[in-house]
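Got the viewer open? Here is a short tour of what to select and what to look for at each stop.

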Amino acid sequence: MNISEIIEYLRGYRGRELKLMEVCGTHTAAIFKSGIRDLISPDIKLISGPGCPVCVTPTAYIDKCVEYAHKPGHELLTFGDMMKVPGTGGSLSENKAGGARITVMYSPFEALDKAKADPDTTYVIAAVGFETTAPAYGLVIKAAAEQGIENIRLVTALKTAIPAISWICENQQDIDGFICPGHVSVITGRHVYDALAEKYKKPFVVSGFEAEHILATIYRIVKQIETGESQAENLYRNAVREDGNSRALQVLDEVFRPGPAMWRGLGVIEDSGLYIRDEYSVYDGGSSMLYEDMELPAECCCGAVITGRINPDQCPMFGVKCTPVDPFGPCMVSSEGSCGIWYRNKF
């Protein structure tokens, strides 16, 4: 079918109401940008899942980073989307204004040059991300070890997407199918969704990021549901292989070990975190057991938004007491956070 026929089919769908979850912030942004919701039947509901690593990072992690940034002889390196995430002692941006040593990095490999140029300073990397970015942090650790650089530490909030998707399936049976994350799948491969499709009897379809890709993915999910199928498919074949990126997976296995991790809005999920192995413990800035979260206002619905139970604009704080300029929750902070994406497209 060509794209016009797919749109015609999806617009004319009149079956039972379907809830399809995209597990990637980039997909959420693309769906808004291309107006996909207006092209398909109102009986096909698109909801956002826990696809933003910043948004599911607990407050205790921010507090640990702030602690390092104020520690004499230390400097925190972080990506910009972490700067406004609230902690119990303020955000990184607020602490930087108060004198903490915090630098926005563009690549974690910057730490290697900084550490060699200034051996009296310990450079602490705020390592946040899913399988997509975790290999880069692993390569930084390996390079530091090979070059004998010891004044680098990583505070990790690295997570794996598959356990979280499984958690969603276990706890929210009303999700009918999944638009699987393209970037994560480049690393993991398509085959990781086979067991999920078999166990939960739902379609899992890997998608690219153009409107045509997403519409074709929605079409395949709906057709599977109509014919009673539950398969894992790959519609992003130019980037995603069956078995993923073997080199990246090798780095992950060599440098990191799995363990339980706190997901804001979901709780602790077993084997969903990546922690530095003992062989590289000199680079571990203390990432285990960073579970605690600050208490957000009672009307804040971050947990419900992250798990797709409500859309961001259904939160009473959305756009009123919680905006990108003055966010209460991390969902409004990151460029991949669903609240921030909804806000930018509605105001």
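A polar contact here is a pair of N or O atoms within 3.5 Å, where one must be able to donate a hydrogen and the other to accept it. Keep in mind that this is a predicted model.

Start by selecting Glu 22, which you'll find in strand β1 (residues 18-22). Its side chain makes a polar contact of 2.8 Å with the side chain of Thr 28. Now add Ser 48: its side chain is also joined to that of Glu 22 by a polar contact, at 2.8 Å.

Which side chain of opposite charge is nearest to Glu 22? Select Arg 37, 4.5 Å away; Glu 22 is buried yet has no salt bridge. While you're on Arg 37, show Phe 32 too: Arg 37 lies over the face of that ring, at 5.1 Å from its centre.

For another charge over a ring, go to Trp 263, where the charged end of Lys 159 sits 5.9 Å from the ring centre.

Next, the aromatics: the structure holds seven aromatic pairs. Pick Phe 209 and Tyr 236, with ring centres 5.8 Å apart and planes at 90°, so this pair is edge-to-face. Phe 209 is in the loop between β8 and α11 and Tyr 236 in the loop between β9 and α12, so the pair ties together parts 27 residues apart in sequence. Both Phe 209 and Tyr 236 are buried.

Then jump to Phe 318 and Tyr 343: their ring centres are 6.2 Å apart and their planes at 70°, so they are edge-to-face.

Last stop: select Phe 178, Tyr 193 and Phe 204, which form one aromatic cluster.

Key:
Residues are numbered from 1 along each chain as its sequence is written. This is a predicted model: local features need pLDDT of at least 70, side-chain atom pairs count only at pLDDT 80 or more; totals for chains, interfaces and linings use all residues. Side-chain values use heavy atoms; hydrogens and water are left out. Helices (H or I, at least four residues) and strands (E, at least two) are DSSP runs, numbered from the N terminus. Buried means under 20% relative accessible area, exposed over 50%, partly exposed in between (1.4 Å probe, protein chains only). Lys and Arg count as positive and Asp and Glu as negative; His and the chain ends are not counted. A salt bridge is a side-chain nitrogen of Lys or Arg within 4 Å of a carboxyl oxygen of Asp or Glu. Rings of Phe, Tyr and Trp (its six-membered ring) pair if their centres lie within 6.5 Å; planes under 30 degrees apart count as stacked, over 60 as edge-to-face and the rest as tilted. A charge sits over a ring if NZ of Lys or CZ of Arg is within 6 Å of the ring centre and within 35 degrees of the ring normal.
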